[in-house]
Amino acid sequence: MKRIIAFLLAVTMLLTLACTATTDQAKPAKEEKGYSYPGEERQMAYKNPAYEDAAFAEGAAYAPKFTDESLREQFSYTGTIHWVDCHNNHVFTVLSLPNGYDGSQKYPLVLMLHGFNSTLDEWTYYVKGLNDAGYACLLFDFRGGHSGNASRSDGKMTQMSFDTKLADIRAVTAYAETLDMVDTDHLLLAGHSQGGMMALITMCDEQLKDRFNGVLLLAPYTDAGLVSGFAAPEDVPDSASLLLCTVGKDYLYGAWKYERRIWEALPAYNRPVLLMTGGADEIVQVDDVRRVAETIGDNAAFELVENGYHDFQPELMDSVLSDSVIPFFQKLVK
């Protein structure tokens with residue numbers, strides 16, 4: 001009996017080893033963190049020689065697969081992926097060209113800035129409408145702009161700050177100016193939510209404030225979060241929780257710094273600005289957006305989208321584009 005039991009135990013162990021070996025062979029190779037765009041090397045489309053020091057020392061965020069085919073389905077008729085250099089980091093950038101694109105022509109271009117803990121994908125509906133109207137669109141993921149795995153640019157959210165975001169905007173704008181199909185005399189800027197605040201910071205930036213013919217601000221988030229209690233820079237903590245995300249000291253200090261700076265600089269801004277926000281927005285207060293328009297003065301126009309949420313509902317988008325956004329841009333490119 002003992003021999004039979006010993007034999008059965010031995011057979012069981014052999015079967016277990018065999019199954020484990022088969023399972024290990026069947027497992028796919030572990031996908032490493034970083035760039036995973038299939039079949040391509042990660043090449044810089046634009047290398048800025050001024051950027052030498054790495055701002056993010058801890059490597060890249062995990063980048064999900066993103067193919068040219070999925071890009072065309074999501075955005076436009078002619079969409080291409082580009083990697084733009086910023087402080088030796090990769091900024092994931094998408095260039096979406098107009099319907100009926102003609103390589104011999106030059107087109108006005110809209111640079112689009114996404115919100116906090118988001119990606120360029122939030123602009124999908126706008127891009128389609130703008131492409132149909134004859135505009136090229138340049139979109140990118142801010143470095144460290146998402147707390148999870150959605151961002152395809154380098155960096156972690158705890159490394160992200162308003163200064164790193166401004167550096168990204170400068171780098172991508174410089175890249176836009178190298179593109180043969182772009183009418184560099186007609187560059188336009190659009191920002192949503194905290195992307196709207198970054199547009200406001202851009203409007204006050206000495207390098208960029210005169211670079212764009214006009215600015216579209218959609219529910220601009222002018223309270224960068226958690227700064228109202230900081231009377232001085234030394235009060236800023238090492239980290240804090242914001243909208244279920246952890247942000248670092250550089251972000252918090254930048255919020256303290258830039259919130260004060262934009263209110264001082266905006267009255268001098270002399271380019272047209274269209275501000276739009278939803279009446280049912282639970283994140284950005286209507287009065288805060290009105291205050292921005294009033295601070296800019298005669299160059300600003302304010303529009304309230306009745307019943308609109310922070311991200312305008314799909315059923316509102318056709319009228320937002322056809323009645324407001326596209327007419328505003330058309331006046332700027334004539």
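Strand S3 (residues 107-113) pairs with strand S5 in the parallel sense over six bridges, where two strands are said to pair if DSSP finds at least two bridges between them, and where helices (H or I, at least four residues) and strands (E, at least two) are DSSP runs numbered from the N terminus. This is a predicted model, in which local features need pLDDT of at least 70, side-chain atom pairs count only at pLDDT 80 or more, and totals for chains, interfaces and linings use all residues. Residues are numbered from 1 along each chain as its sequence is written, and side-chain values use heavy atoms, with hydrogens and water left out.

Within the pairing of S3 and S5, leucine 109 stands opposite leucine 187 of S5. S5 also pairs with strand S6 (residues 214-218), again in the parallel sense, over five bridges, and there leucine 216 in S6 is the bridge partner of alanine 190. Between S5 and S6 the chain passes through helix H5 (residues 194-203), and this β-α-β crossover is right-handed, a term meaning that, with the strands pointing away from the viewer, the path from the first strand over the helix to the second runs clockwise. Strand S5 (residues 182-192) is mostly covered, since nine of its 11 residues are buried (buried is under 20% relative accessible area, exposed over 50%, partly exposed in between, with a 1.4 Å probe and protein chains only).

Most residues other than glycine have a negative phi. The table lists two residues with a positive phi.

| Residue | Phi | Loop | Relative accessibility |
|---|---|---|---|
| Histidine 87 | about 55 degrees | between S1 (78-86) and S2 (89-97) | 24%, partly exposed |
| Asparagine 307 | about 65 degrees | between S10 (300-305) and H8 (314-332) | 57%, exposed |
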